[in-house]
Amino acid sequence: MLVVIWLTTMIVPVVTVLAGLLLLKAPPAERNALFGYRTNRSRLSQQTWDYANKRYGKLAFRFGFLSMVCCVLINLLWTGEYDALVLIDLIPGIFFLIFPIFIVENEIKCYFNKEGLPYKERNDENSEHD
């Protein structure tokens with residue numbers, strides 16, 4: 001039973017890591033309605049689309065691993081009922097899945113105008129966000 005609970009609590013962190021990895025390795029080339037980081041801001045232009053997918057991929061990958069660490073620590077330290085453990089483990093999982101969205105949306109708002117054009121040219125390889 002304990003193994004099932006451990007596996008269940010790792011679903012959200014693993015999906016977050018895999019989504020991040022997928023967006024890093026194979027981001028969608030064109031704006032679409034099926035796959036990728038899809039928000040109103042990210043779909044403003046091809047530049048915002050590319051930026052948002054790449055940036056969310058990096059963040060999701062990192063935050064997914066952080067979520068795994070949190071879940072493992074919670075699982076190791078938990079002394080209560082196992083039914084509650086699954087719900088408790090969802091908190092960091094969902095937080096670290098959603099939090100990068102706020103970061104990416106804020107960055108798009110700061111770096112791009114309402115038409116999706118950059119305020120100034122950025123060198124993403126030397127960005128402080130890496």
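Here are some questions and answers about this predicted model.

Me: Hello! Which element of the chain has the highest mean pLDDT?
Reply: Happy to help. The chain as a whole has a mean pLDDT of 89, and 92% of its residues reach 70 or more. Among the elements, helix α1 (residues 2-9) has the lowest mean, 84. The highest mean, 95, belongs to α3.

Me: Which helix gives the most to the largest nonpolar core, and with how many residues?
Reply: That core has 13 residues, and Y37, Y51, A52, Y56, V104, I108 and F112 touch the most other members. Both α3 (46-77) and α4 (82-111) supply at least two residues of this core. The helix that gives the most is α3, and its number of residues is 6.

Me: Let's look at V104. Which residues is V104 in contact with, leaving aside its neighbours within four places in sequence?
Reply: V104 is one of the core members that touch the most others. Y37, A52 and Y56 belong to that same group of core members. With sequence neighbours left aside, the contacts of V104 are Y37, A52, R55, Y56 and L59.

Me: R55 turns up there. Which residue does R55 meet in a salt bridge?
Reply: The structure holds 2 salt bridges, and in one of them the N to O distance for R55 is 2.8 Å. R55 sits in helix α3 and its partner in helix α4, 52 residues apart. R55 is buried, and so is the partner, which is E107.

Me: And the salt bridge of E105 with R41: how many residues apart in sequence are the parts that the pair ties together?
Reply: The closest N and O atoms of E105 and R41 are 3.7 Å apart. At 14% relative accessibility E105 counts as buried, whereas R41, at 32%, counts as partly exposed. E105 lies in helix α4 and R41 in the loop between α2 (11-25) and α3, so the parts tied together are apart in sequence by 64 residues.

Me: Now the cysteines. How far from C71 is the nearest cysteine sulfur?
Reply: A disulfide needs two cysteine sulfur atoms within 2.5 Å, and the structure holds 0 disulfides. C71 is in none, and the nearest cysteine sulfur is that of C70, at a distance of 6.9 Å.

Me: Is C110 buried, partly exposed or exposed?
Reply: For contrast, C71 is buried, with a relative accessible area of 0%. Buried means under 20% and exposed means over 50%. C110 has a relative accessible area of 45%, so this cysteine is partly exposed.

Definitions and conventions: Residues are numbered from 1 along each chain as its sequence is written. This is a predicted model: local features need pLDDT of at least 70, side-chain atom pairs count only at pLDDT 80 or more; totals for chains, interfaces and linings use all residues. Side-chain values use heavy atoms; hydrogens and water are left out. A nonpolar core is a set of buried Ala, Val, Leu, Ile, Met, Phe, Trp, Tyr and Cys residues joined through side-chain atoms within 4.5 Å. Buried means under 20% relative accessible area, exposed over 50%, partly exposed in between (1.4 Å probe, protein chains only). Helices (H or I, at least four residues) and strands (E, at least two) are DSSP runs, numbered from the N terminus. Contact means heavy atoms within 4.5 Å. pLDDT is the predictor's confidence in each residue, from 0 to 100. A salt bridge is a side-chain nitrogen of Lys or Arg within 4 Å of a carboxyl oxygen of Asp or Glu.
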